[in-house]
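Let's take a walk through this one together. Have the sequence and the 3D view open, and we'll go from one aromatic residue out to the whole chain.

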Amino acid sequence: MLRNTRSGWGVISIAFHWLSALAIISLFILGWWMTGLGYYDPWYNQAPWIHRSIGILLLLATFTRLIWRLVQPTPNAEGNRLERVAAHAGHIGLYVLLLLVLTSGYLISTANGRGISVFDWFEIPALLHGLPNQASLAGDVHWYSAIALMVLAGGHALVALLHHFKYRHATLKRMVNPRHSHTSH
């Protein structure tokens, strides 16, 4: 099933989730690695170009994902009331941090007034640039919000595993297998 139901996630939501997770982890690793590159390293220009391109694609996918989430039903959460409230707050935190990381990355890259080439397929224009210390301030926000995002995403993964192995909830199964999602309740 492509669409969500009250009992489970559809293929589109599942694909958004796992592709976003892969992109976020990859961007964090690439970002961390490229900060140690020297000027004469062959990856000095290539790594940031790849990082920016994937980041912009993730930003566009995140906007699409949020729209999809608004027009789709959200499956019923498992657990007690406190667990459901914590899960909801955690998901909001993940989205806020993700948007903060992506927006600050955009502001770093466009501080000089130049747009961002996305794998030479298209260019995202520099809509906001030339602010005092834009690249430096956005860089600080980018770094700390990326770390916070990784910590919260790690907690998200650990809680999913806890619900799967300890409490035997179908939460993780529903995010992996859409057929399980729609037959489990």
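Is Trp-43 buried, exposed or partly exposed? Keep in mind that this is a predicted model. Trp-43 comes out at a relative accessible area of 41%, and since partly exposed covers the range between 20% and 50%, that is the class Trp-43 falls into. Trp-33 is partly exposed too, with a relative accessible area of 41%.

Those two rings form an aromatic pair. The centres of Trp-33 and Trp-43 are 6.1 Å apart and the planes meet at 70°, so the pair is edge-to-face; the cut-off for that label is an angle over 60 degrees. Trp-33 sits in helix α1, while Trp-43 is in the loop between α1 and α2, so the pair ties together parts that are 10 residues apart in sequence.

Now look at Trp-49 and Phe-119, another edge-to-face pair, with 5.5 Å from centre to centre and 90° between the planes. This pair links distant parts of the chain: Trp-49 belongs to helix α2, Phe-119 to the loop between β1 (116–118) and β2 (122–124), and 70 residues separate them. Trp-49 counts as partly exposed at 23% relative accessibility, and Phe-119 does as well, at 22%. The count of aromatic pairs comes to 7, and ring pairs also join Phe-28, Trp-32 and Trp-143 into a cluster.

Next, the interior. The largest nonpolar core has 12 residues, among them Ala-23, Leu-58, Leu-98, Val-101 and Ala-146. Four helices, α1 (11–34), α2 (46–71), α3 (81–109) and α4 (134–165), each put in at least two residues, and α3 gives the largest share, with 5. Pick out Ala-146: leaving aside residues up to four places away in sequence, Ala-146 touches Phe-28, Val-101 and Val-141. There is also a second, separate core of 5 residues, including Ile-56, Tyr-106, Val-118 and Ile-124.

Zoom out and the chain shows 6 helices and 2 strands, in the order α-α-α-β-β-α-α-α. Its C-alpha atoms fill a box of roughly 55 × 30 × 30 Å along the principal axes. Of the 185 residues, 35% count as buried. Among contacts with a separation of 6 or more, 70% come from residues 24 or more positions apart.

Finally, the surface and the charges. About 11400 Å² is exposed, and carbon and sulfur atoms supply 68% of it. The chain carries 13 positive and 6 negative side chains, and the centres of these two sets lie 18 Å apart.

How values were computed
Residues numbered from 1 in each chain as written. Predicted model: local features only at pLDDT ≥ 70, side-chain atom pairs only at ≥ 80, totals over all residues. Heavy atoms only, no water. Core = buried A, V, L, I, M, F, W, Y, C linked by side-chain atoms within 4.5 Å. Buried < 20%, exposed > 50% of the residue type's maximum accessible area, 1.4 Å probe, protein only. Contact = heavy atoms within 4.5 Å. Areas by Shrake-Rupley, 256 points an atom, 1.4 Å probe, with all protein chains shown as cover. Lys, Arg positive; Asp, Glu negative; His and termini not counted. Charge placed at Lys NZ, Arg CZ, Asp CG, Glu CD. Phe/Tyr/Trp six-rings, centres within 6.5 Å; stacked < 30°, edge-to-face > 60°.
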